[in-house]
Amino acid sequence: GAGALGTLFAHRAIVVGYEPVLVTRVPDVTRPADMIRPPEKQRVVTLEDGDVRMTHTFPTEAANAKRPITHLFIATKSYDVLSAIDSVVDRFTRDTRVAVISNGLGYHEAVNQRIPSHRLVAGTTTAGCKLLSSSASDGQLTQRYGVAGAGVTLFGAWQTPLSAGASAIPSWLTPFIDGPWPCEWRDDIHPALLMKLAVNAVINPCTALNDVANGALAEPPWQEQAEQATREVTQILKAAKQTLVADTLASTIDRVIADTAHNTSSMLADIRAKRPTEHEAILGYLLEQLGPATDAPLLTSWLSLLRQRSRDLAL
């Protein structure tokens, strides 16, 4: 998942001493563009963070390469997570370690079952990054990304250990935790994942369907929609007995809107680029998988609109 977020974390991996390899899709010989494009051998990426510029050259390899994978970091869109891990699962060993930092919920347990150790690390981040330019020549992809915010990154074990003291930070992840950016290990990552999903369920579809920046949700006419969506999500969380997340959701959403006022949500960016959106892992999970059915007319209408858009894209 070497897009904006994956590239940001690949840069961070180099900073703390890893030697990351970017895993690319297997070329589709039925696509004319893939037939004429030479295989990507390396990617030269410049990351711009204010006045700071970092350029790194990353080796790349296709998902169907033969070399065993010791550590895998997944940063794809949520709807690609399972197909991404299935494309490399033959390269796992019994000691392979996997972390996933994609949006939404509903796929983590399936990923965990595909890992021989069943020790998936789940993560969530508020870091932001966007593509500024990209060009390809002779097997090299050259890109520029701009950091939209360092954010806070949280990691934790997806399958909470049963024994006391068993939730120590994995040694291979320690450099990330101790890196020069806000990053923490949580003994129970699930509330953080659910809070990120709940915030996304309000901000992402509201900004995407109305074509506005995050900060617009703090002012009329979009403020009313955001507040109604927040009430509906809170009601769903309470019905599912997720009171800890429910009780702090409204204040968290207000803070995120203020902190990211000038940002474009990932869902709005996807709509503008005519890409699929992550509505199923966010709204779909919240409305249909989290708990008992709850009346949520605005969220339901948003999900219906996004599903119709998805069907239209597929035509």
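This passage walks through the nonpolar cores, one helix, one strand and one buried residue of a predicted model.

A good place to start is the interior. The largest nonpolar core has 58 residues, and those with the most contacts inside it are Leu-72, Val-233, Leu-237, Leu-249, Leu-286, Leu-290 and Leu-299. Helix 6 (residues 190–210) supplies the largest share of this core, with 12 residues. Another core, of 15 residues, lies apart from it and includes Phe-155, Ile-177, Trp-181 and Trp-185. Returning to the largest core, Leu-290 gives a view of its surroundings: leaving out residues up to four places away in sequence, Leu-290 touches Leu-194, Ile-236, Leu-237, Ala-240 and Tyr-285.

Leu-249, named above among the residues with the most contacts in the largest core, also marks a feature of helix 8, which bends by about 50° at this residue. How far apart are the end C-alpha atoms of helix 8? They are 24 Å apart, and this agrees with expectation because the 17 residues of the helix (residues 243–259), at 1.5 Å a residue, should span 24 Å. Val-245, Ala-246, Leu-249, Thr-252, Ile-253 and Ile-257 are the buried residues of helix 8. An α-helix has 3.6 residues a turn, so residues three or four places apart point the same way. The partners against which the buried residues of helix 8 pack are helix 6 and helix 7 (222–239).

Attention now turns to the strands. Strand 9 (residues 153–157) is mostly covered, with 5 of its 5 residues buried. In a regular strand the side chains alternate between the two faces of the sheet. Here Thr-153, Phe-155 and Ala-157 point one way, while Leu-154 and Gly-156 point the other way. Strand 9 has a partner in strand 6 (residues 121–125), with which it pairs in the antiparallel sense over 5 bridges; in this pairing Gly-123 stands opposite Phe-155. Strand 9 also runs parallel to strand 10 (residues 183–185), to which 3 bridges join it. Thr-153 has Cys-183 as its bridge partner in strand 10. Phe-155, besides its place in strand 9, is one of the residues of the 15-residue core.

The last stop is Ala-281, in helix 10 (residues 279–288). Is Ala-281 buried or exposed? Ala-281 counts as buried because its relative accessibility is 9%, below the 20% cut-off. Beyond its neighbours within four places in sequence, Ala-281 is in contact with Ser-78, Asn-103, Gly-104, Leu-105 and Leu-197. Ala-281 and Lys-77 are 204 residues apart in sequence, yet their C-alpha atoms are 9.6 Å apart in space.

How values were computed:
Residues numbered from 1 in each chain as written. Predicted model: local features only at pLDDT ≥ 70, side-chain atom pairs only at ≥ 80, totals over all residues. Heavy atoms only, no water. Helix = DSSP H or I, 4+ residues; strand = E, 2+ residues; numbered from the N terminus. Buried < 20%, exposed > 50% of the residue type's maximum accessible area, 1.4 Å probe, protein only. Contact = heavy atoms within 4.5 Å. Core = buried A, V, L, I, M, F, W, Y, C linked by side-chain atoms within 4.5 Å. Expected span 1.5 Å × (residues − 1). Bend = angle between axes of the 7 residues up to and from the residue. Pairing = 2+ DSSP bridges.
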